[in-house]
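Please look over the model below before reading on. The points that follow cover its internal spaces and how some of its helices pack.

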Amino acid sequence: MKLAVYSHRGYEAPFLEKAAQGTGIELLPIPVALSPLSAPLARGCLGVSVFVGDDASEASLRVLAEGGTRALVLRCAGFNHVDIAAAARLGITVARVPAYSPHSVAEHAVGLMLALNRKLHRAFNRVREQDFSLDGLMGFDMHGKTVGIVGAGQIGEVACRILLGFGCRVIAHDPRPSEGCLALGVPFVGMDELLGDSDIVSLHCPLTPATRHLIDRDALAAMRKGVMIVNTSRGAVIDTRALIDALKQGHVGSVGLDVYEEEGDLFFRDLSETVIQDDVFVRLMTFPNVLITAHQAFLTREALTAIAATTVGNAAAFLRGAVPEENLVDARLIAPPAAGR
Ligand code: NAI
């Protein structure tokens with residue numbers, strides 16, 4: 001099978017090549033993102049692989065289907081960028097990597113918390129300028145603080161474990177409370193209770209119609225003054241304009257973001273010579289208490305090894321007509337709206 005790999009990046013090449021060895025899967029690296037314009041590049045490829053910044057909308061999928069594509073294998077867990085219904089109509093099987101390394105993302109989320117709290121990003125720059133003063137660098141003990149985990153799935157559960165190790169009080173909100181978190185002694189609470197009780201809110205839910213702008217003006221107002229918000233899930237779970245207002249008012253104390261609503265136009269490329277046109281993002285970058293990474297939470301050797309193995313495995317399994325049920329992406333994966341918020 002020829003597998004067109006859109007948004008192919010140098011860092012993942014050795015992992016994909018190793019995974020494909022001896023499988024009969026022939027990789028066709030395509031360094032640009034999938035879009036209706038770039039979709040003809042995959043003509044003749046039975047399989048297509050995409051990442052988070054690719055546009056797998058109906059328009060792109062229609063071109064792929066016309067070119068002979070029947071399998072879309074995602075190199076990620078999130079599937080909000082895929083029109084699942086259109087894929088089904090067009091006869092394209094969609095499979096994802098439901099689990100690769102929940103540790104990679106949970107550890108990055110906690111890394112953002114620690115860096116923001118102890119202002120490591122500012123301290124690094126200060127020391128390089130030989131400014132060894134400490135004013136403005138005060139943090140708080142994580143021990144004893146309440147962390148609210150929104151979405152206690154695989155990544156959320158690992159985040160719970162790490163934070164419990166710090167001596168935090170951890171609470172969670174999820175329409176499907178997990179046995180794993182309950183076994184850890186993490187109580188599941190309503191969204192309003194989580195927002196009102198948490199010193200830190202960490203987002204680990206998928207982006208679905210029910211979670212788009214889950215953190216809106218009302219949710220932000222319901223949070224404690226000085227709250228820290230960390231988002232390593234998907235950008236549109238937060239209403240960024242409302243977040244900026246809450247930061248300007250000083251209601252939100254600090255924000256760590258690995259994802260951004262409009263990241264498709266920005267992330268995964270070097271724009272250092274470019275004038276960024278997205279004024280909302282540029283405003284976000286001006287806050288001293290906002291720390292942004294460009295969707296790198298997954299970027300560990302262990303995660304990339306697992307992503308490559310499952311992606312190539314999904315393509316090979318498609319040929320055998322045996323894609324594992326848990327890897328299939330279909331309408332069942334979209335969670336029902338959460339009760340309340
Ligand atoms: P998962 O499917 O194991 O867990 C997601 C949890 O969110 C489930 O328990 C689900 O019931 C819950 N949920 C659904 N709707 C909710 C709502 N309205 N409120 C609260 N919880 C809700 O997924 P996993 O592997 O833990 O990943 C979570 C998300 O993290 C992915 O969907 C993806 O968007 C994001 N992600 C980000 C990465 C990065 O590099 N920044 C890498 C991998 C995943």
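1. Start with the second largest cavity. By class, its lining has five nonpolar, two polar and one charged residues. The model is a predicted one, so treat each point here as a reading of that prediction. The residues around this second largest cavity are A39, P40, A42, R43, V63, L64, G67 and T69. The space inside comes to about 30 Å³.

2. How many cavities of 30 Å³ or more does the structure hold? There are two. The largest cavity has a volume of about 40 Å³. Its lining is made by N231, G235, I238, T240, L243, L257, V259, Y260 and E261. Sorted by class, those lining residues are five nonpolar, three polar and one charged.

3. Now turn to the second largest pocket. Its volume is about 450 Å³. In the lining there are 17 residues. Those nearest the pocket centre are V52, N80, H81, E261 and G264. E261 also appears in the lining of the largest cavity. By class, the pocket lining counts four nonpolar, six polar and seven charged residues.

4. Where does the second largest pocket lie with respect to the domains? Domain 1 covers 2-100 + 301-333, and domain 2 covers 102-292. Both give residues to the lining, so the pocket lies between them.

5. Next, the helices. Take α1 (residues 13-20) and α12 (residues 301-320) as one pair. Their axes come within 8 Å and cross at roughly 40 degrees. That angle makes α1 oblique to α12. The crossing of α1 and α12 is right-handed.

6. A further pair is α4 (residues 102-118) and α6 (residues 154-165). The axes of α4 and α6 come within 8 Å. They cross at roughly 50 degrees, and α4 and α6 are therefore oblique to each other. The hand of this α4 and α6 crossing is right-handed.

7. Then consider α10 (residues 240-248) with α11 (residues 279-286). Are these two helices roughly parallel or oblique to each other? They pack at an angle of about 30 degrees, with axes 10 Å apart. Angles under 35 degrees count as roughly parallel, and α10 and α11 are therefore roughly parallel to each other. The crossing of α10 and α11 is left-handed.

8. One link is worth checking on the model. Helix α10 spans residues 240-248. T240 and L243 are among the residues that line the largest cavity. View the helix and that cavity together.

Notes:
Residues numbered from 1 in each chain as written. Predicted model: local features only at pLDDT ≥ 70, side-chain atom pairs only at ≥ 80, totals over all residues. Heavy atoms only, no water. 1 Å grid on protein atoms, 1.4 Å probe; cavity = no way out; pocket = protein on both sides within 12 Å on 5 of 7 lines; lining within 4 Å. Points joined across faces, edges and corners; volume = space filled by probe spheres on them. Nonpolar A, V, L, I, M, F, W, Y, C, P; charged D, E, K, R; others polar. Domains from an automatic or database assignment. Axes fitted to C-alpha atoms, helices over the stretch in contact; angles between N-to-C directions. Helix = DSSP H or I, 4+ residues; strand = E, 2+ residues; numbered from the N terminus. Parallel < 35°, antiparallel > 145°, perpendicular 65-115°, else oblique. Left-handed = near helix turned anticlockwise from the far one by under 90°.
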